[in-house]
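Subject: Handing over the structure

Hi,

Here is the structure I promised to pass on. Have a look at it first, then read my notes below.

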Amino acid sequence: MTSAPSPSLSYEVAVVGGGPVGMLLAAELAHHGIAVAVIERNTRTLDVPKAGTLHARTAQSLRRRGYLEGPEPTTALLESEQADAFHFAGLPGLTITGPAVEGEPIVGRAQGDLERLFERVAVERGATVLRGHRVTALRGDGVNGADGSGAHGGRADGPGSAGS
């Protein structure tokens, strides 16, 4: 789901890398009206084995931001906890708990599915996703790609700052 680049290729923020964090960042920035472009070297989301589990705080945050479904709050849920068994680094028998109103503390979700979800939301909110581009240099006034393309914007510390 790649959006067409704008003719000017001018953005306030360039996110280098369209993995789950890059796409989520773009979706959140675009939600707040920031002109953002994601520059990703792959032409599509890869479904090779990657992370497949979201733990309590990640799942909780994504539910609160509307990316994951959660249970309807009820008095019973507000007053209870939910626990899931899991393993970490080969250590079985661990338990993670969280407020039941937040939903299951461990969510099985493929990384590729999350990347596609975040990309769809980012594009719906106005972000530009440039797939098949590789960043080769970062400058104070923009980003250069291997194919000679570029995106321009302000410095990390803002346009008109010292050194601009």
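Let me start with a question: does R125 count as buried, exposed or partly exposed, and at what relative accessibility? R125 comes out as partly exposed, because its relative accessibility is 30%. Please keep in mind that this is a predicted model.

Now the overall picture. The protein chain has 164 residues, and 33% of them count as buried. You'll find four helices and 10 strands in it. Reading from the N terminus, the order of elements is β-α-β-β-α-α-β-β-β-α-β-β-β-β.

The beginning of the chain is a good place to get your bearings. Strand β1 (residues 13–16) and strand β2 (residues 36–40) run parallel, joined by four bridges. One of the residues involved is V13, whose bridge partner in β2 is V36. Add helix α1 (residues 20–31), and β1, α1 and β2 make up a β-α-β unit that is right-handed.

Strand β2 also holds E40, which caught my eye. E40 is buried but has no salt bridge. The nearest side chain of opposite charge belongs to R41, and it is 4.7 Å away. That is too far, because a salt bridge needs the nitrogen within 4 Å of the carboxyl oxygen. What E40 does have is a backbone neighbour: a polar atom of its side chain lies 2.5 Å from the backbone nitrogen of G18.

On to the charged pairs. The structure holds eight salt bridges, and I'll go through a few of them. The side chain of R65 meets that of E28 at 2.6 Å, N to O. R65 sits in the loop between α2 and α3 while E28 is in helix α1, so this pair ties together parts 37 residues apart in sequence. R65 is partly exposed, with a relative accessible area of 41%, whereas E28 is buried at 17%.

R125 comes back here, since E28 also forms a salt bridge with R125, at 3.6 Å from N to O. R125 lies in the loop between α4 and β7 (128–131) and E28 in helix α1, so here the parts tied together are 97 residues apart in sequence. In other words, E28, R65 and R125 are linked in a network of salt bridges.

Another salt bridge joins R131 and E119, with 2.9 Å between the closest N and O atoms. R131 is in strand β7 and E119 in helix α4, so the pair connects parts 12 residues apart in sequence. R131 counts as buried, at 11% relative accessibility, and E119 is buried too, with a relative accessible area of 2%.

What about the aromatic rings? The count comes to one aromatic pair. Y67 and F118 form it, edge-to-face, with 5.2 Å centre to centre and 85 degrees between the planes. The pair links distant parts of the chain: Y67 is in the loop between α2 (56–64) and α3 (75–78), F118 is in helix α4 (residues 111–124), and they are 51 residues apart. Both Y67 and F118 are buried.

One last residue to look up is G70, in the loop between α2 and α3. G70 is partly exposed, with a relative accessible area of 43%. G70 and V101 are 31 residues apart in sequence, and their C-alpha atoms are 7.9 Å apart in space.

Over to you!

Terms used
Residues are numbered from 1 along each chain as its sequence is written. This is a predicted model: local features need pLDDT of at least 70, side-chain atom pairs count only at pLDDT 80 or more; totals for chains, interfaces and linings use all residues. Side-chain values use heavy atoms; hydrogens and water are left out. Two strands pair if DSSP finds at least two bridges between them. Helices (H or I, at least four residues) and strands (E, at least two) are DSSP runs, numbered from the N terminus. A crossover is right-handed if, with the strands pointing away from the viewer, the path from the first strand over the helix to the second runs clockwise. Rings of Phe, Tyr and Trp (its six-membered ring) pair if their centres lie within 6.5 Å; planes under 30 degrees apart count as stacked, over 60 as edge-to-face and the rest as tilted. Buried means under 20% relative accessible area, exposed over 50%, partly exposed in between (1.4 Å probe, protein chains only). Lys and Arg count as positive and Asp and Glu as negative; His and the chain ends are not counted. A polar contact is a pair of N or O atoms within 3.5 Å; within protein, one must be able to donate a hydrogen and the other to accept it, and residues adjacent in sequence count only if both atoms are side-chain atoms.
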